[in-house]
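Open the model in your viewer and keep the selection tool at hand. This tour goes from one stop to the next and says what to look for at each.

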Amino acid sequence: MKILRITLFGIVSISNLITAQSLENSFERITHAQGLSQLTGNAILQDSHGFLWIGTNDGLNRFDGYNFRVFRKIHGDSSSISGNSIRCLFEDSQSNLWIGTRNGLNRFDRYRESFVSWKHDPAEANTISGDDIRAICEDRDGSIWIGTHKNGLNRFDLRIGKFQHFKTDTTASGLNHNTVSALYQDTNGRIWVGTMGGGLNCYNINADSWRYFKTANKPGLESDYILTFHAPVADSSILWIGTYGGGLIRLNISTEIFTPFLNDEKTKTAGADNRIFAITSDNQGKLWLGTFAGGLLHFDPFNNSFVSIKNQASALTSLSANFVRSVFIDRSNILWAGTNINGVNKLDLKPRKFNGIVYNPQDTTGIDNQIVNAVAATPNGDIWIATDTGLNRVLYPSGEIEHLDLNRSKIHQRMMIKTLATENDGSLWIGTFGSGIFHYDSKTGIQHVFSTIQGLSDDRVRSLYVDQLGNLWIGTVAGVQLKKYASDNLQNPLSDYYDQSIPVTCLLEDSSGQIWIGSLDGLYCFSRRGKSFRKFYHEAQNVKSISHNHINTLLCDSDGTVWIGTQYGLNSFDPLDNGFVNYDETAGLPNSYICGLLRDDSGRLWISTNNGLCRLSKDGSVRNFDLSDGLVGIEFMDNACAQDRAGRFYFGGIGGVTWFDRNGMQDNIIHPKVALTHFRIFEQPVKLDSAITARTQLELNYDQNFFSFEFASLDFTRPEKNHYRYKMQGFNRDWIDADTRNYASYTNLDPGSYTFLVEGSNNDGVWSEQPASLELIITPPFWGTTWFRIFVLLAGIALVTLFYQLRVHKLLEIERLRIQIASDLHDDIGASLTRISLYSDLINTGTVKEKSGEFLQKISNLSRELVATMSDVVWSIDARNDTLGDLAYRMLDFINTLRETNNQTIMFDFAGIDKKRRLAGLERQNLYLIFKEALNNSLKHANASIISVKLKQNPVSILLEICDDGQGFKQDEKTNGHGLRNMRMRAQQLEAALEITSDDGTKVVFQKKL
């Protein structure tokens, strides 16, 4: 046997400290493909709201984990940013974001998502001294300090809106260089100013005095070209200085001692570049440096050592370029590194959950094949890894890997290892698929022990298991066999129970000593004590049967529960009812094909599947892990899992071995901030008068009834694994679980007031402490408003009242008409009938025979008058005669009748009237009877020869005028007739004016307002 030993870095250490070497191939690149506007990352900052800001040479980028929002200068728009080349970013104590560009200073208005800009104006002395902004900071009084390129330093007093200038030519003892590249205020209130050529300047605000530190007069300051400052939060007495050519320098502000850390062989540190463009520190106090050509430097100030992390041309997960302009670590402990022209790099500094042992054909430090069929752990801590082509051992505690050359020419041509089992003495049983069983110990090496020649039922071995007594159970494609401890012979203890033609896939001894056999055709349990044998099959109609007959893996946990992984689902055996509890994708598992099972000390079950790794807790909650969590692959192999003496778990599959320390596994504990990022109506973006990210209230019309929100949990570890829940208070009773979906839609929400709430989690399920909220007011249509409802109610009451009044008026009119008709019938017809009756009686008695003819003539005349009167009454109440035209033609008929029996000239003029104008029945009757009365008076009493009748209409009234040339009468004389009195009474009933004049003839004028 030939052994090749290789050191596997990092396999031994279970420390959670992150080393730069272990992360050098763990970068994620952010470029145009993800939405970045330009590939030079000059400045990076995470604001207090959680958004990530990246300043490039072509715009300011805001990142929410899903999308970039790019802000650029818009010509003609004074509210846009003043320039597209962003040089620096700063957030002040009031959460205002300040942006320094090559073309002015800007402050971002979050509410309107616009900018307020300040630029140099030569005509105004109190404007900013220059437009190329290189550094920004805030002092304890709230003033903003701005460093410019070639135009000195500015102090901006926000209260008065004026800039105070500090330049080399302002005073004899002032700023000693006009290119300011770095600014910082210490706890004593002094402003430290880094310049490009003038070294370090310090301004005492209270004393209005300057001090200078240059290479010529200050030991330890190795360059007068200061590029950047970094003040660690943990130690306010330290200021780290990045220089151009002078490396990293530590300034003790209290003692004013400079300590250089040159990155070269003189200080015996590994690295490549002393031009430090950017500095930041992680939560362990270590520094991350961005250099001009040396990539990232990871500096440990506790042992003064550098580690260089550079671009590797063949590795897409390495740093994208070696010129790093900016570095920033966000609140989730993610490092962001902006390069010169190769985009931004993202590196998660949190302790890894998972580690890998992988195969790389260009790297011999890994295992010998990417497909891992079996994993086993020895009592002394060694890990055995079997692949399609060989056997590998990771030695404990050195972490060295041994590649064991099995020398196939002496053993067998085919040597694919399918299963491994370890003995208590550390020796190893090796089951192959085609070459039988081998045994390895450190003394004798590998020996070929069993094949069909030695009685093995089949050389295709799929499972090996060592029980508590040291017996070796063997599962082949031809059943189950047993090699008892200290015996070299094979037995067939289950020949009377088990069909040896059924291939065995896995074996297990439970806590009571029973042997469980997983096969391609069901599950079996053999009790050695009672010599009993049970079979378990899937039954389609039995929900408590096993979920599938193809068994992949078995596990007995500490409480004696037997777990069975099948090709379709996970099962736990319940001995009380001899049934199974099933788990599959509907229970949250990432896949129903179960490959391997391990149990940790907390009782949680770790499950490898064909689609990642899963953790099932006792309460039934599920946590799934995939490639984004650090798995080397998501497809695992059947029964390829093991636990070592240190408590680490190993799962083998396609791609290598994923291993982890389940006790040292740390979740991301940062509570993310959550924000609304987009709002749409009918799936179209809506331009609001203020940003949705900053609004607290939104008003919509009733017809804007299909709208949606987008939101983001501002933890950038793995945004695709952030979860959300939301509800619309006033509409949703409970929270809606959106899983990883970061949007919500609503349709046909009734008018009213609502509050939309959304909470977000990070990738490890830690939720935001406060939800994002937005009050939503949906205004009703005008017909749905309170005032309109009141109006409708009042209008309804008014209409009902009007209808009632009209109805009453109509009834009263009908009643008056009835009374009038009754009166007419009584006065006219009744009187005429009485006279007819009297004349008839006189004729019948014979007392006045000489006057019989006269009485008969009177009876005849009265009868004709009665017929005419009845005709008038019937005409007046007939609804078909309700127009002014009907009245005029009735009058004309009467006049024509008179013309036939009288010699007078009667003229009738009704031209110009609206013949379709409707009149009420009482109006028609009274007007017609006044007309008849007046005409009869002219004919019978006035002895007129010419009579003129005019019926006229104007927009406001009806006029009836009857004139004759008769003898007239004196109105103050008492008359026996009722004609004039009846005419006045009828006019009064119609609330009309009636004027009668009599001089040379008689004139009757009737006028009624319409």
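The stops below cover a hairpin, a sheet and a helix in a predicted model.

**Stop 1: a hairpin**

Select residues 180-185, which make up strand 15. Of its 6 residues, 6 are buried, so strand 15 is largely enclosed by the rest of the structure. Now add residues 191-195, strand 16; the two strands pair in the antiparallel sense over 5 bridges. To see one pairing, show Tyr184 and its bridge partner in strand 16, Trp192. Between the two strands of this hairpin lie 5 residues, and Gly189 takes a positive phi near 90 degrees.

**Stop 2: an open sheet**

Go on to strands 23, 24, 25 and 26, which form an open sheet in the order 23-24-25-26 with antiparallel pairing. Strand 23 (276-281) and strand 26 (305-309) are the edge strands, each pairing on one side only. With direction ignored, neighbouring strands of this sheet are turned by 25 degrees against each other on average. Next, select residues 287-291 and 296-300: these are strand 24 and strand 25, joined by 4 bridges. Look there for Trp288, which stands opposite His298 in strand 25.

**Stop 3: a helix with two faces**

Select residues 979-989, helix 7. Which residues of helix 7 are buried? They are Gly979, Leu980, Met983, Arg986 and Ala987. These buried residues cover an arc of only 130 degrees around the axis, which puts them on the same side of helix 7. Turn to the face away from this buried side to find the exposed residues Arg981 and Gln988. Finally, select Glu991, just after helix 7, which takes a positive phi of about 55 degrees.

Conventions. Residues are numbered from 1 along each chain as its sequence is written. This is a predicted model: local features need pLDDT of at least 70, side-chain atom pairs count only at pLDDT 80 or more; totals for chains, interfaces and linings use all residues. Side-chain values use heavy atoms; hydrogens and water are left out. Buried means under 20% relative accessible area, exposed over 50%, partly exposed in between (1.4 Å probe, protein chains only). The arc is that of the directions from the helix axis to the C-beta atoms. Two strands pair if DSSP finds at least two bridges between them. Axes are lines fitted to C-alpha atoms, for helices over the stretch in contact, and angles run from 0 to 180 degrees between N-to-C directions.
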